[in-house]
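Here are my notes on the model you sent round. Keep the viewer open as you go through the points.

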Amino acid sequence: MKPYAFVIPWYGDDIRGGAESECNQLAHLLKSKGVPVEVLTTCVKQASDDRGANTLPAGVFDESGIKVRRFPVKPQNMERLVPANLKLFRGEPTTPEDESAYLQEDINSPEMYRYIRQHRREYEYFIFLPYLYGPTYFGSLECPENAAIMPCLHDEGYAHMELMKERMRHFKKMMFLSKPESDLAHELYDLSGVDNMVMGAYVESGWENELHPDRFRRKFDIDQPFILCAGRKEPGKKTDMLLDYFCQYKRRRPESTVKLVFIGGGEIDIPAAHSADVYDLGFVSQQDKRDAYAAAYMLCNPSFFESFSIVIMESWLAKRPVLVSEQCKVTTNFCQENNGGLWFDSYPVFEGCLDYMLSHPAQMEQMGRNGEKYVKQHFVAEAIYKKFRGFMG
């Protein structure tokens, strides 16, 4: 059997991000099933680094049992990139030159593209992810007969590029993480000649059988019911909005004992008046995070932009319900499909959801069980492996 090659700008066991985590976990899942797999990536460690500087060595490496080929990147012309990228980020009108400048000057590796062209017949498929970077655009041009993609698509300026619309219709296979992502792709692109499916993402399981919610409460001295928010704290993830909504709720419901607990990186400015109601625990261990899911009354993911959401799936594996933003079609759709949570689009609706959830513990327990069944049916190892092999061969 020829190997499958995942092509991604940055890769590693410790790299955070939806596409990065999905690539890493799916690669390990396939390898565990005896499927040969490699990763083609660059010498840039992660998305937040200088994308025109090589900070990791080039070559072939064994990384946790996965063969990883790292290729050097070319320098960037920031005078071309910055204004073009700013227009796309803001969703402003762009010219063909803007699109070319963005794709040519963001992260790129000509040596990677040359390798793909020279060795394209040695691989079953090249699976590119995510959609919006040079390695996907230029790399897929070099292997037209066996180029597949997991786009991890959002409704954003980059997705509307004319160059992207043209490129997307030439992939042989396309795998989506959710139905709303598939709907968006079919709305934006001509996929009439592309074999495509909603596969979902691999969610590690088994750990949910060893949860100790009381251990988490004792360790962090949190006795009252709490809302958990797991992930990076930043405006892009709307954690500031969640904090604001929660503080409003506490002012309007002073008798409520509910707390808000943040775990993960980033910083957030907790108002002094609510310092006793909001905990920012920062990074915690994997076990503490999993215990936190079980200890929480619910998880809240307020993000507007998700192509999946591992933290929601992990909360459901711990049998806890979720509360999400209606602005995010993906997470709202998940809740609607399994009745595992509620969704809000404004503060009044947030308040109503919280009132209901806190006063209906039996219904919340049922929502948690609904979510657990849903994840185990669609996203655990055996389910994802079966769908991948059935679709990719």
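1. Start with Pro-130, which sits in the loop between strand 5 and helix 5. The bond to look at is the one from Leu-129 to Pro-130: this peptide bond is cis, with omega near -15 degrees. Most peptide bonds are trans. Helices and strands here are DSSP runs, helices being H or I with at least four residues and strands E with at least two, numbered from the N terminus.

2. Some housekeeping before going on. This is a predicted model, so local features need pLDDT of at least 70 and side-chain atom pairs count only at pLDDT 80 or more, while totals for chains, interfaces and linings use all residues. Residues are numbered from 1 along each chain as its sequence is written, and side-chain values use heavy atoms, with hydrogens and water left out.

3. How many residues of helix 5 are buried? Six of the eight in helix 5 (residues 134-141) are, so this helix is largely enclosed by the rest of the structure. Buried means under 20% relative accessible area, exposed means over 50%, and partly exposed is in between (1.4 Å probe, protein chains only). The buried ones are Gly-134, Pro-135, Thr-136, Tyr-137, Gly-139 and Ser-140. Their packing partners include helix 3 (96-105), helix 4 (110-119) and helix 6 (162-168). Helix 5 also lies across strand 1, strand 5 and strand 6, at about 155 degrees to strand 5. Contact is heavy atoms within 4.5 Å; axes are lines fitted to C-alpha atoms, for helices over the stretch in contact, and angles run from 0 to 180 degrees between N-to-C directions.

4. Now for the sheet under that helix. Eight strands make an open sheet with mixed pairing, in the order 3-4-2-1-5-6-7-8. Strand 3 (59-63) and strand 8 (195-198) are the edge strands, each pairing on one side only. Neighbouring strands are turned by 25 degrees against each other on average, direction ignored. Two strands count as paired if DSSP finds at least two bridges between them.

5. At one edge of that sheet, strand 3 and strand 4 (residues 66-71) run antiparallel and are joined by five bridges, with Asp-62 having Lys-67 in strand 4 as its bridge partner. Helix 1 (residues 18-32) packs on this sheet too, touching strand 1, strand 2 (37-42), strand 3 and strand 4, with its direction at about 170 degrees to that of strand 1.

6. Which residues does Leu-29 touch beyond its neighbours within four places in sequence? They are Tyr-202, Ala-381, Ile-384 and Tyr-385. Leu-29 belongs to helix 1 and counts as buried at 4% relative accessibility. Tyr-385 is 356 residues away along the chain, yet the C-alpha atoms of Leu-29 and Tyr-385 are separated by 7.5 Å.

7. There is a second sheet to look at. Six strands form this open sheet in the order 11-10-9-12-13-14, with parallel pairing. Strand 11 (278-280) and strand 14 (341-344) stand at the edges with a single partner strand each, so one side of each has no neighbour in the sheet. The twist averages 25 degrees from one strand to the next.

8. Strand 12 (residues 298-301) is covered on both faces: Met-298 and Cys-300 are buried on one side, Leu-299 and Asn-301 on the other. Its pairing with strand 9 (residues 226-230) is parallel, with two bridges, and Ile-227 stands opposite Met-298. Strand 12 also pairs in the parallel sense with strand 13 (residues 322-325), over three bridges, where Cys-300 has Leu-323 as its partner.

9. Helix 9 (residues 239-252) lies across strands of the second sheet, including strand 9 and strand 10, and runs at about 165 degrees to strand 10. Helix 13 (residues 347-359) lies across strand 9, strand 12, strand 13 and strand 14, at about 160 degrees to strand 14.

10. Finally, two backbone angles to check. Phi is positive at Ser-64, near 55 degrees, and at Lys-319, near 65 degrees. Ser-64 is in the loop between strand 3 and strand 4, and Lys-319 is in the loop between helix 11 and strand 13. Ser-64 counts as partly exposed at 48% relative accessibility, and Lys-319 as partly exposed at 35%.
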